[in-house]
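This report is meant to be read beside the coordinates, one region at a time. Please keep the sequence and the model in view while reading.

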Amino acid sequence: MRRPRPLRVAAWPRLTRRGGALLVVGAVLLAVSLWFDLRDIMLLAFVGIAMPGVAALFVTLRVPRLGVTRRFSPPVVAAGTSTAVAIAVRNRSRRTLDGAHWRDRVPEGLDAPAEAVLPALGPYEGVLPSGDDTVHLEYRLRLPRRGVYGIGPMRIGVADPFGLARIDRDAGPRHEVVVTPRVTPLERALGSAASVDGVLHGLQRRSHPNSDELIAREYRYGDPLRRVNWPATARRGELMVREEEQRGDPEVRILLDTTLSGQFAAGGQRPEWADRVHLGFELGVEVAASIGMHLLERGFRVRCDPLGDPGRGGVGEGVPGAYRMPGGDHLLLEDLARLDTPGRGERAEGSAARGSRIAEGIGRGEVRAREARMPGFAVLVDPDEQDAATLVSLRTGFEPAVAFVGEGVSTRVVDALEQADWRVVRVRRAATIGDAWAGAAHHDRSSGAGAATSARANAAGAAGRGPTRPGAGERDAS
């Protein structure tokens with residue numbers, strides 16, 4: 001059987017109040033005995049001085065052997081909730097361990113449990129275990145923010161039998177608990193039939209370039225004009241669009257600003273928030289999580305790419321960044337939980353190189369065909385102008401194209417996106433994520449109603465002229 005490693009020393013041995021008081025009394029007695037030449041008192045003085053030293057040596061040489069296992073229930077929790085931490089401590093030594101204290105070490109910002117007395121542990125039982133060598137501990141840990149937290153090791157405080165000295169040792173490994181970002185439920189209006197329609201059309205065209213149009217259905221808001229079935233419209237007297245057999249999963253793209261390059265690129269002093277949690281970035285992660293979960297539940301295949309980190313294929317390290325149900329919702333949240341807070345490292349390359357690599361990776365395959373446009377959502381915290389230029393170049397591959405921007409996004413970036421026909425929606429705090437999504441959906445319906453009016457006018461003209469194909473201006477409008 002593999003023997004556990006000795007406990008690591010967390011601090012030098014120190015005297016307790018009792019040991020310190022005894023040392024002071026011994027020093028006073030020594031001074032009195034020397035001043036008045038009282039040899040009997042000098043013996044007591046030496047005993048008072050020596051006992052704390054012997055106690056410190058005793059706790060240093062006494063090394064308990066403990067095995068510590070830790071379990072979280074649940075192991076993955078949402079930010080703002082709590083998890084139950086169950087710890088099993090087993091004595092691996094042949095000697096009884098009693099009188100020790102314990103507390104679990106947690107990262108800064110979390111409320112650690114108060115130090116408590118460790119129940120007595122009997123000697124190790126390897127043949128017929130009765131449970132006397134093991135004790136079970138439990139406490140609840142509240143996790144207010146997203147991230148991956150290392151809990152442990154357990155700190156064990158061991159004192160001598162007289163309580164004169166104490167030493168702290170670390171026992172057991174560190175275990176990780178994953179805290180996913182908060183998810184705001186969103187309404188179903190945006191990203192439903194109108195967005196899926198164009199995506200399915202592109203997927204079918206790539207998989208089956210010779211597939212025939214199967215049926216015609218009534219026009220619904222948001223349907224692209226290139227899908228209008230003019231012969232069916234002329235026959236029915238109402239606007240009809242082509243409906244094809246669904247041969248693929250609809251795909252959506254989420255671009256998340258991960259480096260806040262706007263403030264870093266400005267130069268000068270390091271931002272005050274660089275070494276602590278950036279609330280704007282955390283809000284952006286919550287927006288991306290809410291959108292991703294909403295679309296996964298609606299049957300989309302979601303791809304989440306970091307706008308400011310081109311060296312990785314997705315938000316998860318070593319993960320290509322594509323998520324689909326079943327199971328994709330858990331993977332997406334865990335990958336978002338593992339995103340580093342901005343400002344922990346230097347930028348690896350310039351903005352121009354970053355933008356060109358993002359455009360190359362994101363636009364591969366989808367941007368080549370206009371009819372293959374997919375829904376695109378950008379979550380921006382503080383991008384620079386090169387990031388804005390990248391989004392402008394990607395606009396032709398997205399429909400709809402919605403940018404959720406925080407308070408840190410500059411006016412120049414917003415103007416550039418709006419001029420490129422990105423739909424810009426402001427998100428100021430987590431409580432307004434649902435309203436921002438609903439506002440984008442309302443804009444989507446308004447745009448769809450305007451497109452329907454224009455298309456119906458074209459349909460009326462087509463009905464008067466007979467079955468014709470749309471002109472070049474109509475193709476450009478679509």
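The text below takes up confidence, then a covered strand with its partners, then a small sheet, and finally a helix.

**Confidence**

The model is predicted, and the mean pLDDT of the chain is 76, with 69% of its residues reaching 70 or more. Two stretches deserve caution: pLDDT stays under 50 over residues 191–213, for which the model has 47 contacts beyond four places in sequence, and it also stays under 50 over residues 273–277, where there are 13 such contacts. Where pLDDT is low, the predicted coordinates should not be read in detail.

**Strand β11 and its partners**

Strand β11, which spans residues 165–171, is mostly covered, with 7 of its 7 residues buried. The cover extends to both faces, since Ala-165, Ile-167, Arg-169 and Ala-171 are buried on one side, while Arg-166, Asp-168 and Asp-170 are buried on the other.

Strand β10 (residues 154–159) runs antiparallel to β11 and is joined to it by 6 bridges; within this pairing, Val-158 stands opposite Ile-167. The two strands form a hairpin with 5 residues between them, and in the turn Gly-163 has a positive phi of about 70°. Strand β2 (residues 14–15) is likewise antiparallel to β11, to which it is joined by 2 bridges, and Leu-15 of β2 has Ala-165 as its bridge partner in β11.

Which residue of β11 makes a polar contact with the side chain of Glu-115? It is Arg-166, whose side chain makes this contact at 2.7 Å. Arg-166 has a relative accessible area of 13%, and because buried means under 20%, it counts as buried. Leaving aside residues up to four places away in sequence, Arg-166 touches a set of residues that includes Trp-12, Pro-13, Arg-14 and Thr-16, as well as Val-59, His-101 and Glu-115. Gly-157, Val-158 and Ala-159 are also among the residues that Arg-166 touches.

**A sheet of three strands**

Elsewhere in the chain, 3 strands form an open sheet in the order β3-β5-β8, with antiparallel pairing. β3 (66–73) and β8 (134–143) stand at the edges, each with a single partner strand, so one side of each is left without a neighbour in the sheet. Neighbouring strands of this sheet are turned by 20° against each other on average, direction ignored. Within the sheet, β3 and β5 (residues 81–91) pair over 8 bridges in the antiparallel sense, and Val-68 has Val-89 in β5 as its bridge partner.

The strand pairs whose bridges have been described are set out together here.

| Strand pair | Bridges | Sense |
|---|---|---|
| β2 and β11 | 2 bridges | antiparallel |
| β10 and β11 | 6 bridges | antiparallel |
| β3 and β5 | 8 bridges | antiparallel |

**Helix α10**

Helix α10 covers residues 411–419, and in it Val-413, Val-414 and Leu-417 are buried. These residues cover an arc of only 100° around the axis, which puts them on the same side of α10. An α-helix has 3.6 residues a turn, so residues three or four places apart point the same way. The face turned away from the buried side of α10 carries the exposed residues Thr-411, Arg-412 and Gln-419.

What covers the buried residues of α10? The cover includes the strands β18 (374–380), β19 (398–405) and β20 (423–426), together with helix α9 (385–394). Just after α10, Asp-421 takes a positive phi of about 70°.

Definitions and conventions: Residues are numbered from 1 along each chain as its sequence is written. This is a predicted model: local features need pLDDT of at least 70, side-chain atom pairs count only at pLDDT 80 or more; totals for chains, interfaces and linings use all residues. Side-chain values use heavy atoms; hydrogens and water are left out. pLDDT is the predictor's confidence in each residue, from 0 to 100. Contact means heavy atoms within 4.5 Å. Buried means under 20% relative accessible area, exposed over 50%, partly exposed in between (1.4 Å probe, protein chains only). Helices (H or I, at least four residues) and strands (E, at least two) are DSSP runs, numbered from the N terminus. The arc is that of the directions from the helix axis to the C-beta atoms. Two strands pair if DSSP finds at least two bridges between them. A polar contact is a pair of N or O atoms within 3.5 Å; within protein, one must be able to donate a hydrogen and the other to accept it, and residues adjacent in sequence count only if both atoms are side-chain atoms. Axes are lines fitted to C-alpha atoms, for helices over the stretch in contact, and angles run from 0 to 180 degrees between N-to-C directions.
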